[in-house]
Amino acid sequence: MFSKKILSVFCMSVFALTASGSSPDSLSSEKDRDYWINRYSSVSFPVKTLKVSSTYGIRKDPFSKKKANHNGLDLKANYENVYSMFDGTVEKIGSDNRSGNYVTMRYGAFTVSYCHLSRKYVNVGDTVWAGDPIAVSGNTGRSTGPHLHLTVKKNGKLYNPHTLLLYIKKVKKECVAALGGESYVSEPWSCSDFISRYAAMAMDHQRRYGIPASVTLAQMALESDWGQSELATNGNNYFGIKATRKWVADGKPYSEHDDEKRNEKFCNYASVEESVEHHSKLLTSKRYQRFCSFPATDYQNWLRGLIKAGYASGKGYVASCEKIIKQYNLHKYDILANKF
Ligand SMILES: [Zn+2]
């Protein structure tokens, strides 16, 4: 199974050498090329087309209809090949009422369990390369329809699979750019994916802090460019919140980016949840309370209050947030959050 990659890389190098002669320049650039090609194939999405159907964390359980913790991430997959996301070894193959048939792969400190499978291609102990088909997705175990559930653990602790998918996407994009290609890497996340991923969290915060879920979601989308910004992908900062002097003095993590000025310091967080929590605490601090004491169903006044309190300086800020709220009908979450 693992001769495939070595062979293809070997062939590529031989081809490159014979095709381009052997001047030192072309040699080193061919080496670079091989490096990027290897790096590109060191990661793989687990299914051909990525479409998230259920996110990691608190959600409404499809069976009990009650709020429950979802320990992984669901991807749309209709009895199709499932690919190993990285180079690794098959750690476990099993079957139970919950996960159905599953394959657990080990990738260094990480394990990834691919669940609800209909068929497996691998055996315990096999070495597998990123992109090798390991199984066929299915509908076994506790599942309401064919899909692929991923459970990820890092050093034995649950880990958000979304972070790994983003990493894969980032590596692929980098490689494509280095090889001088157009970025044809498919965008795994649409705007509506983004909203469905964070709506429950925003509603939870509305209940706890009184901030409209629509405002949280719109600010998040706008400030993080729908989760694509460097601050969001590298520092989990979804609101562009700057690091205060106290934040830095307390030894909390930050990174520097050019914003209105050069090398401004921005907060970094361990998770998206932490970023949303910081935002909620900020908006319910004294500075904002004066301007933002409105019911959670009144997002218009909330947005205007934020500007008065000095949250953003951009003129079109309110208009941009309102546009997102209307376009994606985010106000429904404000009403929903009030209901239960
Ligand atoms: Zn699931």
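Okay, let me start with the contacts: if you take the ones between residues at least 6 apart in sequence, 60% of them join residues at least 24 apart. Keep in mind that this is a predicted model.

On the overall make-up, the chain has twelve helices and 15 strands. It runs to 340 residues, and 31% of those count as buried.

So what sits in the middle of the largest nonpolar core? That core has 37 residues, and the ones touching the most other members are Ala199, Ala202, Leu217, Ala218 and Tyr333. Quite a few elements chip in with at least two residues each, including helix 5 (213-224), helix 8 (272-283), strand 15 (264-267) and helix 12 (331-339). Helix 4 gives the largest share, seven residues. Let's zoom in on Ala202. Leaving out residues up to four places away in sequence, Ala202 touches Ala213, Thr216, Leu217 and Tyr333.

There's another core apart from that one, with 28 residues, and Val112, Ile134, Ala135 and Leu148 are among them. As a general point, nonpolar side chains in soluble globular proteins tend to be buried together.

Now, over to a sheet. This one is open, with three strands in the order 5-11-9 and antiparallel pairing. Why do strand 5 and strand 9 each have a side without a neighbour in the sheet? Strand 5 (81-83) and strand 9 (119-120) are at the edges and have a single partner strand each, so one side stays free of a neighbour. Strand 5 and strand 11 (residues 133-136) run antiparallel, joined by three bridges. If you want one to look at on screen, Asn81 has Val136 in strand 11 as its bridge partner.

How values were computed
Residues are numbered from 1 along each chain as its sequence is written. This is a predicted model: local features need pLDDT of at least 70, side-chain atom pairs count only at pLDDT 80 or more; totals for chains, interfaces and linings use all residues. Helices (H or I, at least four residues) and strands (E, at least two) are DSSP runs, numbered from the N terminus. A residue is buried if 20 or more other C-beta atoms lie within 10 Å of its own, exposed if 12 or fewer, and partly exposed in between; C-beta atoms are placed from the backbone. Two residues are in contact if their C-beta atoms, placed from the backbone, lie within 7 Å. Two strands pair if DSSP finds at least two bridges between them. A nonpolar core is a set of buried Ala, Val, Leu, Ile, Met, Phe, Trp, Tyr and Cys residues joined through C-beta atoms within 7 Å.
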